[in-house]
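Trainee: I have a new structure to look at, and I would like to learn how to read it. Could you take me through it step by step?

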Amino acid sequence: MVLERITIRNYKNLREVAEEFSPGINCFIGHNGEGKTNLLDAVFYLSFCRSSNNFIDSQLILHDEDFFSIEGHYIFDDGRAETVSCVQKRGRHKVCRRNQKAYKRLSEHIGLIPLILVTPQDALLVDAGSEERRRFMDLVISQYDPAYIDALSNYNKALQQRNAMLRADGEPDLSLMEAFEDEMAKSGAVVYEKRNAFISEFIPYFQRIYSIISGEKERVEISYRSHCQNGALIDVIRNGRAKDLVVGYSLHGVHRDDLDMLLGGYNVRREGSQGQHKTLVLSMKLAQFEFLRRTVSNAVPLLLLDDIFDKLDAQRVENIVSLVAGDGYGQIFITDTNRGHLDRILQSSQSGYRIFNVVAGRISPAK
């Protein structure tokens, strides 16, 4: 799949952008704060109908403007052409369209344009709490399984309603509480089964890519941990109800799932160096690409790499360059402040490329 061209107006600091892209590698060079990341975020928005780093759409509109708009023209691997657009006006609901037809539910769009974004903020996958690792699983699975989105949404609604009852004064209505718990157990079981199946398939991709980037020097492991592994989820939830009433929220369920990450048998968060942390995160994201490429029909995912080379030694950079410049990857968007990194990738690549300068929100082809 290829994003042929994009038109952007008033998105973050990008006042007006209209560019055509190479079907191979597209490099964006500029100092920090000029708009490179915002360009990648606009591409991300067209896949997910939201920003990767700000869930409040009105805050994405350029200061003193009344709206933002993004439109992308795609060619899929089967030759099919698609146009996707998203418009947000102040004080109005956003409207996302596919081939000029507005979606009734934005969830219908997720998965049409598979995409993997790798950013420095992905370090949270290792350094932050379990929410980040659940979000990683959710983002991958939702791109190929609509039933997962529905189950996760139903679970979260029931969870919020149960939590509201746990926080309320007085004795809860037990029949209503049980109805919410039944929905959590039913939808949570679906979420667990799909997460468990995904991780089982994902691990070999992840371990192979980590081995390549690290030069086969280190051994990493990922395992999935869930309360569903302790028995029927409905029993786990109800057995914890008394404690939940004391603390005022639900302590058990798939909203507490996590991924354990080990390096050489030890917890990565405690033992790994900055370079090893970054290698692990990059491996997870590139394994996500490999997984989706084999899962989503008629669409090789777009790969967006935002300033990924910092804190990596020269050999690991070289291994990453060789990996992403290979035949298995399709259209790639890369940002960096260092032209040297990008030149090395382009020298290794056998596909076409374009280079752009980004200055104060303006994007122009490099000379």
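Mentor: Happily; we will go from the whole chain down to a few residues. Keep in mind that this is a predicted model.

Trainee: Let me begin with the overall build. How many helices and strands does the chain have?

Mentor: Counting these elements is a good way to start. Here there are 11 helices and 15 strands. The next step is to compare the radius of gyration with a rule for globules: the chain has 22 Å, close to the 21 Å that the rule gives for 367 residues, so it is as compact as a globular protein of that length. Along the principal axes, the C-alpha atoms fill a box of roughly 70 × 55 × 40 Å.

Trainee: What share of the residues counts as buried?

Mentor: For burial, we look at relative accessible area, and under 20% means buried. By that cut-off, 52% of the 367 residues are buried. You can also look at contacts along the sequence: of those between residues at least 6 apart, 73% join residues at least 24 apart.

Trainee: And the charges? How many positive and negative side chains are there?

Mentor: We count both kinds, then compare where their centres lie. This chain has 46 positive and 49 negative side chains, and the two centres are 2 Å apart.

Trainee: Now the cysteines. Why is there no bond between Cys49 and Cys96?

Mentor: Check the distance between the sulfurs; a disulfide needs them within 2.5 Å. Cys96 holds the closest cysteine sulfur to that of Cys49, but at 3.7 Å it is too far for a bond. The count for the chain is 0 disulfides. Cys49 is itself buried, at 3% relative accessibility, and Cys228 is buried too, at 14%.

Trainee: Can a charged residue be read in this way as well? Is Arg241 buried or exposed?

Mentor: Use the cut-off again: at 15% relative accessibility, Arg241 counts as buried. Then ask where it sits and what it touches. Arg241 belongs to helix α7, residues 241–247. Beyond its neighbours within four places in sequence, its contacts are Arg162, Leu174, Met177, Glu178 and Glu181.

Trainee: Last, the backbone. What is the phi of Asn10, and what is that of Asn99?

Mentor: Look at the sign of the angle and at the residue type. Asn10 is not a glycine, yet its phi is positive, about 60°. Asn99, also not a glycine, has a positive phi of about 50°. Now add their settings: Asn10 is in strand β1 and is buried at 2%, while Asn99 lies in the loop between β6 and β7 and is partly exposed at 40%.

Methods
Residues are numbered from 1 along each chain as its sequence is written. This is a predicted model: local features need pLDDT of at least 70, side-chain atom pairs count only at pLDDT 80 or more; totals for chains, interfaces and linings use all residues. Side-chain values use heavy atoms; hydrogens and water are left out. Helices (H or I, at least four residues) and strands (E, at least two) are DSSP runs, numbered from the N terminus. The radius of gyration is taken over C-alpha atoms; the globule rule is 2.2 Å times the number of residues to the power 0.38. Buried means under 20% relative accessible area, exposed over 50%, partly exposed in between (1.4 Å probe, protein chains only). Contact means heavy atoms within 4.5 Å. Lys and Arg count as positive and Asp and Glu as negative; His and the chain ends are not counted. The place of a charge is taken as NZ of Lys, CZ of Arg, CG of Asp or CD of Glu.
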